[in-house]
Amino acid sequence: MKNKFYITTPIYYANAKPHIGHAYTTVAADVLARLHKLQDEEVFFLTGMDEHGDKIQKAAEAQRKDPQKFVDEIGEEFKNIWEKLNIKYDNFIRTTDPKHKEAVQKVLQTIFDKGAIYKGEYEGLYCTGCEQFKNENELADGKCPDHDTIPEKTREECYLLKLAEIQPKLIKKIESDEFKITPERYKSEVLSFLKNQELKDISVSRKNLKWGVPLPFDAEHTTYVWVDAFLNYLTGLGWDGDENNIPKQWPVDVQLIGKDILRVHATIWPVILLHLGIKLPKILFTHGHILSGGKKMSKTIGNVISIEEMLEKFGVDGTRYLLMSAGTFGDDVDITMERLTEKYNADLANGLGNLVSRVIKLATDVKCENIKPEITVDFSESFKEIKLDDILLVIWNFIGQYNKEIEDNKPWELLKSDREKFEKIMKRLIGHLYGVSDWLQPFMPETSEKIKKALKTKETPMLFPRIK
Ligand code: MSP
C-alpha cells in the first residue's frame, strides 16, 4: 500500500488580494506535495480561504459590497494566481461553503455536549488584524506589532472553551514530538509560553458579529473565526464533523504556517482536537516572514514586491525558484527587486541557462540512447527537515560543476578534433543535465519538462532519487 502524505497551507483571509507572503507558503507546499508524489506517495494538498470574521466584514463594508460577493471575488483572485504559479492543490476549501459550516456547527455542538464549552464573559484587547485577543506583554507601545494598530478593549458575553485542564497534556505531546513543532526554536518558544502561565480559557464566539457561523446552541452568537478556520484542515478532506468518521488522510503530515500564527496553531487548534479525541497533526512547520529591504512590506514604505511583478520579470519557474531559494526556510528572508534580479541572472540565465543551451546545442550531434546520469544525490536529510533551500543549493552546486566541466573540456573544439572523446564527454554531460532536470521537477516543473523534451529522453523512467 502506498504511504499517504497530507499537507496544508493556512487558509488565507479573504480581505485583500494575494501577496508574496501567501505565495511563499503556497509554493513551498506545492513543492513538498510534488516531492512526495515523486516518492510514489498518495498526496493530498489542501489550501483555501478564511472568509468569515470582523476583518472581512469590515473590508466588505468599506467597499459597500455584500460580504459573500466580496469573498467570492477575492477567492477567484487567489485561485487565478495559484494557477499562474502552477500550484496543483487537491482541494481549495472556503469557509463559507455550506458543508464546512454544517461541520463546524456539529463540532461545536459535540464539544458543548461534552461540557467543554460554557457561557461566560471575556474581557480583553482585541486586534481585528490578527482576529485575536492580545496580552499586554505582546504589544509594543500599546500597539499590535504585526498591524501597528491599538487593539480595542472589549468586554462581551461569549462562550468559552476549557483550556487549563488540557494544558499539561498538550505540553507533553509537544515535548515528545508526537505533535512536532519545527524548526526547534519554535518548539522552544511555544513550550516556554505554555509552561510559564496557566492559559485563560478561549473565547469561541462573538456576540455582535453577523458574518460568521451561528452557534448551534445559541443563535445570538457566531463562531470565533479562528475556530471556524482551523476546522478547514479536516473539512477540506470532506469531513462532516462526525468524530467517528475521520478521513483516511488524517492525521495531517505537514502543516506549513508563518511564525505570526504559530501560537494559535499550537494552542487553540490542538486543544479543539484534544477535546474531540482526534489525533494531533504530525508536523507543524513554521517559516519566517519575507521582508523587503529589511522591513515588512507596506504600501506606505513603498517596498512592496508583488507576485505579478515577479511573474512578469522572472516567469513562473523563475518566481518559484527565487522564492524557494530566498533564504533558509524557517528564518525571515529579506528580498529586494535588485537582489532578485541579480540572482535570476546568475543562477537561472547564466547557471542553469548556460548549461541547458550548451548541452542541448551540442547534443544534436550525439546519439543519445539510454543515457543515464552518473551522479545520484541523497537528499534525505534536507527532505526530512524540510530544508527546501538546501536542496536547491546542492543542485546549483552541481550546475556550477557541470558548467566548469564544459569549459574545461571545450566539447565544441573536440567535435572537430576528436570525435570519440566528444561523444564520451557529451554523454556524460547529457546525463548530468538529465539528472538536473529530474531534481528540478518539484521546484520548476515546466523547465524540467522542457529540458527532458529537448533531450528527447522522455521515455526514460523518472529517476528522482528515492528517499529512505
Ligand atoms: N486566516 C489566517 C490563517 C488561518 S489558518 C487556519 C491568516 N491568514 S493570512 O492571510 O493573514 O496569512 C496567512 C499566512 O501568510 C500566514 O502563515 C502568514 O504567516 C503568511 N504571511 C503573511 N505575510 C507574510 C510575509 N510577509 N512573509 C511570509 N509569510 C507571511 O493568518
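Here are legends for three close-up views of this predicted model.

Local features need a pLDDT of at least 70 and side-chain atom pairs a pLDDT of 80 or more, while totals for chains, interfaces and linings use all residues. Residues are numbered from 1 along each chain as its sequence is written, and side-chain values use heavy atoms, leaving out hydrogens and water.

**View 1. Meet the shell around the ligand.** There are 21 residues around the ligand, and those that come nearest are Ile-11, Asp-50, Gly-258, Asp-260 and Ile-290; a residue is near if one of its heavy atoms lies within 4 Å. By type, the shell has 11 nonpolar, 8 polar (Gly is counted here) and 2 charged residues. At least two shell residues each come from strand E2 (12-13), helix H1 (20-38), helix H7 (225-230) and strand E13 (254-258). H7 gives the largest share, 3 residues. Helices (H or I, at least four residues) and strands (E, at least two) are DSSP runs, numbered from the N terminus.

**View 2. Look at the nitrogen atoms of the ligand.** An N or O atom in the side chain of Asp-50 is 2.7 Å from a ligand nitrogen. Backbone N or O atoms also take part: one of Ile-11 lies 2.8 Å from a ligand nitrogen, and one of Ile-290 lies 2.8 Å from a ligand nitrogen. The protein buries 90% of the 660 Å² that the ligand exposes when taken alone (Shrake-Rupley method, 1.4 Å probe).

**View 3. Now visit an open sheet.** Its 3 strands follow the order E10-E12-E11 with antiparallel pairing; two strands pair if DSSP finds at least two bridges between them. E10 (205-206) and E11 (214-215) are the edge strands, each pairing on one side only. Between E10 and E12 (residues 218-223) there are 2 bridges, and Ser-205 stands opposite Thr-223 in E12.

Note on methods:
Polar contact = N/O pair within 3.5 Å; in protein donor to acceptor, adjacent residues only side chain to side chain.
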